[in-house]
Every structure is written in C-alpha cells, then in structure tokens.
Amino acid sequence: MITIKNLSKSFGSLTVLQNVNAVIEKGECVSIIGPSGTGKSVFLSCINGLLTPDAGNVFIDGIDFYDKKTDINKMRERMGMVYQSFNLFSHLTVLENITLAPIKIKKIPKEEAVKKAKELLNMVSLATKENAYPDELSGGQKQRIAIARALAMDPQLILFDEPTSALDPGMAGEVLAVIRSLAKQGMTMVIVTHEMNFAKEVSNRVFYMDCMGIHETGTPDEIFDKPQKEKTRAFIMRLKTLELRIDSHQFDLLAHMSSIEQFCVKYNIEKKRINKSQMVFEELVMYLLKNHFTETDTPGIIVTIDYAEREKDIVINVSYGGKTSDPFAGTDDDDSLGLLMVQRMSKSAVYENDNGKNRITVTL
C-alpha cells in the first residue's frame, strides 16, 4: 500500500532522515519506536505531505505522492492523521467536529455524515457526547473524538503521532483500547509510540528508528525479544520486565514477592515503591484466586512488572482467562477492600477484556 524510497529530509544543516526505504502493506499495523529526536514524527509528516522531503518518493497504491501531477489534497483524503494534541475545533460541538470534513471536503450530505458520525461515536463509546464541546471533555475523550473524526473520512490508512503522550495512564488506556479494536478490524495503521507493551501487542511489524532512518525492522518478537543491532538492544533494554506465573492455588507467594524485590533493587527502585509493587501483586492475585477461580481450576495468571527508566513508572499487568468480570466494579464488600487500596495507591488501575482475555493494568 505504501512504498517509501530513498526518503531524505533536512532542516538547515541538521539531517533528520537520509535515504529511508520501507514498505507497509494493506492491513498492517506498524509501530515506530526509538529515542526522541530520531525523525519518527518527521517520517509520518513526509508520508502525508505535511512536510515535503528533500529527496525520495512516497507511493500510495502506486501513485507518487510528490509527483507534480498528483493532487496532494485528494491523496490526503485517503489517510487520516491523529496527533498528540487532539486539534479539535473548540467552538464546534463533538458532532460538528466529526462531520465538518466529510461535508465540506467530500461533499457528503449532512444527514449521511451525521449518521456516520453517530455510529463512530458509539464505536469509541462516546455516544452521549455528541452535543458537548471539546473543553467539556477529558484528554482521553478528546483523543477518541479525534480518532472518530479521522475515521469519518473513510481513510485507507491512519497515521498516529504519539496519540497518548499528552495523556495520563488512565486516559491513555481508553485510547489504546480503540486502536486495538481498529487493528483487529484490519485497518492499515502506522503508529509512532512510546508505549512499548502496546506496540508489542498490537503490531504486525515494528520499525526502530535511529541514525537518520529505520535502523532495524522486524516482528514484535524479533525487535523486543531478539533485536539484532546494538542500538536497538540498548533502547529496548531501557524497559525492564519481570514475568511471574501463577498456575496453582498453592503457588509460592514468598518466592514471587522475593523476585519482585530483587527486580526492583536491581534497578535502584526505592523501598517505598517496592512495597507498593508487592502489595499490589499480592492483593490482585489473592483476590482473583479467591473470587475468580475455583479450587479445581488451573488459574493461568500471568503477571508482568515493567519498569521504564525514562518515565520512572512501574506498570503491573495481570492477564488471566475465565469469565469476564471487572474486579473494580462494585468494590464495596470485605473481599474488595484490597482492591480499593490498590486503586488509591496507584496512578491508575484499569480493567479491560480483550477478545476473551482479562487484563488488569496498574500504574504506580
């Protein structure tokens, strides 16, 4: 669908991209990761014409985007763009923000555009906000509206430029859930992101950008678990991960708590945060064993603890099967006191069900 050949872009004496080559197929979800300042956003902007490259070509379905004969505005109608800063019109309602471009640019009848907008609002779980103004929405809600606005143009491709970087963890989860849904539907997407776990989960391929271009590319497993190049390995290792499994009601709690402490000490995490991590782990796992699984079940609980050296966040992910149930819904009985404590001590504590798999994400 997209073919990039020998793309180069400089700003004065600063070369940001040099002879970049890539192919993105229809239906792929490609995540772009890498250190700040390595040209990730510039790369996206060259794909959709916000920036004109100094050299090279971008082909969309075989059409040269930068050929003088090409109608760039028509080409842009094929792709949506979602920015980190939302870019909603503050004087327009949510519904008006979504319908403006389809009516003005694509000349779609207003009634048809409104119908489509309402369907999209329902898809992003904001059907009740159609008459609200952007200033009345949270950051996560604004970004979901921005996604709905991009989809209203029926794009063949959506580009996301760090869509969660301006959001706190709880709001980021709302947006990532929508993008996951689009990936399952086969939408072609290119996502610049610092959300490493999300990139690993949702992507078909990952581009690691450094050294003025795409330094390494591969499947999520190849990039995150078996990177071939030293710069990629150094970047990936900045995100530290501990994985714990609970396959029995009689699991060794003390051994797991010790593993958490050793993991945190290794990366110089202070004692207070170590205690919090252990408490969250214990409360969540013990609650699930008591309330979600019977004594004869094999729990199959997987807990990953991620520590991002740059952001200093500790993220505890708990994945498990079985029935769909939100442990944070109706936390008003004695069994739920521990869950209330988890919610109060964390930056965010979110439950979601993804294709039959339960997931709890707690950020400390």
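This passage describes strand pairing, nonpolar cores and one buried glutamate in a predicted model.

A convenient place to start is the N-terminal strand. Strand 1 (residues 2-11) has antiparallel partners in strand 2 (residues 14-24) and in strand 4 (residues 55-60). Seven bridges join strand 1 to strand 2, and serine 10 finds its bridge partner there in threonine 15. Two residues lie between these strands in their hairpin, where glycine 12 adopts a positive phi near 65°. Strand 4 is joined to strand 1 by five bridges, with asparagine 57 as the bridge partner of lysine 5.

Turning to the interior, the largest nonpolar core comprises 36 residues, and Ile147, Phe160 and Met189 have the most contacts inside it. At least two residues of this core come from each of several elements, including helix 5 (139-151), strand 7 (157-161), helix 6 (169-184) and strand 8 (188-192). Phenylalanine 160 gives a good view of the surroundings: apart from residues up to four places away in sequence, it touches Leu44, Val82, Ile147, Ile179, Leu182, Met189, Val190, Ile191 and Val192. A second core, separate from this one, has 35 residues, among them Leu244, Ile301, Val303 and Leu364.

Glutamate 352 also deserves a look. This residue is located in strand 14 (residues 348-354). Its relative accessibility is 19%, so glutamate 352 counts as buried, the cut-off being under 20%. The side chains of glutamate 352 and arginine 180 are joined by a polar contact of 3.1 Å. Beyond its neighbours within four places in sequence, glutamate 352 is in contact with Ala177, Arg180, Lys357, Asn358 and Arg359.

Definitions and conventions:
Residues numbered from 1 in each chain as written. Predicted model: local features only at pLDDT ≥ 70, side-chain atom pairs only at ≥ 80, totals over all residues. Heavy atoms only, no water. Helix = DSSP H or I, 4+ residues; strand = E, 2+ residues; numbered from the N terminus. Buried < 20%, exposed > 50% of the residue type's maximum accessible area, 1.4 Å probe, protein only. Polar contact = N/O pair within 3.5 Å; in protein donor to acceptor, adjacent residues only side chain to side chain. Contact = heavy atoms within 4.5 Å. Pairing = 2+ DSSP bridges. Core = buried A, V, L, I, M, F, W, Y, C linked by side-chain atoms within 4.5 Å.
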